[in-house]
Amino acid sequence: MNISIVIPLLNEEESLNELYRWIADVMQSNGFLYELIFIDDGSTDESWNIIEKLSLENSEVKGIRFQKNYGKSQALHAGFAMAKGDVIITMDADLQDNPEEIPELYKMITEEGFDLVSGWKKKRYDSVLSKNMPSKLFNYAARKTSGVKLHDFNCGLKAYKKDVVKTIEVTGEMHRYIPVLAKNAGFSRISEKPVLHQARKYGTTKFGAERFIRGFLDLITIWFLSRFGKRPMHLFGAWGALMLIIGFFLALYLGIDKLFLNPFGRLITERPQFYIALTAMILGTQLFLAGFLGELILRSKKDSRNYIIKEQRNFHD
């Protein structure tokens, strides 16, 4: 199979039929063997009924329905697990991503040898203040922190080599940082392609300004995980050792001073150095314990998905 198209969605009943026809026209005109995987992330409208109807009429349409809304990362995780194509394309269901871009993205993966190609919406049809400006700031911070030189981390239109999506694990809110996860997993051939961005035709956006706050918090998380996720003791142990050394030498100084240099001076408990030494040694011990616990948790961690699939359509062993 050439292409798996993975589309997470939430309450997009107006756009699904049009989106399917658009994708089908592009796939057929280019002669691709493909599958179209819709992941219904807890929709409360008629989205799942439309997906069911499309799957009955078209064998290439497949559907996954979540028990409730778990988030885009979990939807992508489920879609990646089921995808069978040599190249996996992700896109949003709101018709703002243009399926006409898929053939070129496919060629960049299969002919130019990229592991991942991200769409870059140079011209956006979103609110300047509520989405465009925060997005530029977010992307700048993501580039500087991760070292991945992309202009648009948030673009839903991306193409992946199959090995990439079968290797990385997208959980939490990490869908924004799939290129960073891919880089950390050793897939260094990452590029981008300017793509057309359509104005939203139906409904309203499902993402508010709070997503950028969550995005920056996730950026800190991904930075930590990329450097210390496999060796938490290297971070906590280093800081713990530093605190213990500071506390030890301060305590040593206080002891020598009290016993030999100034035995009739102030009580040790009346000196601020005593409390600095005590605090430093307590912090050092706690940091060491945090590092040990992190190592134990890491070694005992079992892979498990954090979503429930209510029903599926057109998936066959």
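**Notebook: sheet, helix and two odd phi values**

I began with a facing pair: I5 stands opposite I89 in β4. I5 led me to β1 (residues 3-9), which runs parallel to β4 and is joined to it by 4 bridges. My strands (E, at least two residues) and helices (H or I, at least four) are DSSP runs, numbered from the N terminus.

I should say early that this is a predicted model, where local features need pLDDT of at least 70, side-chain atom pairs count only at pLDDT 80 or more, and totals for chains, interfaces and linings use all residues. Residues are numbered from 1 along each chain as its sequence is written, and side-chain values use heavy atoms, leaving out hydrogens and water.

Next I traced the whole sheet. It is open, with 8 strands in the order β7-β5-β6-β4-β1-β2-β3-β8 and mixed pairing; strands pair if DSSP finds at least two bridges between them. β7 (190-194) and β8 are the edge strands, each pairing on one side only. From one strand to the next, the twist averages 20°.

Then I turned to phi. Which way does the sign go in general? Most residues other than glycine have a negative phi. L95 has a positive one, near 70°, and sits in the loop between β4 (87-90) and α4 (102-110). L95 is buried (under 20% relative accessible area), at 4%. N314 also has a positive phi, of about 70°, and lies in the segment after β8 (309-313). At 22% relative accessibility, N314 is partly exposed, a class that runs between under 20% and over 50% (1.4 Å probe, protein chains only).

Technical notes
Axes are lines fitted to C-alpha atoms, for helices over the stretch in contact, and angles run from 0 to 180 degrees between N-to-C directions.
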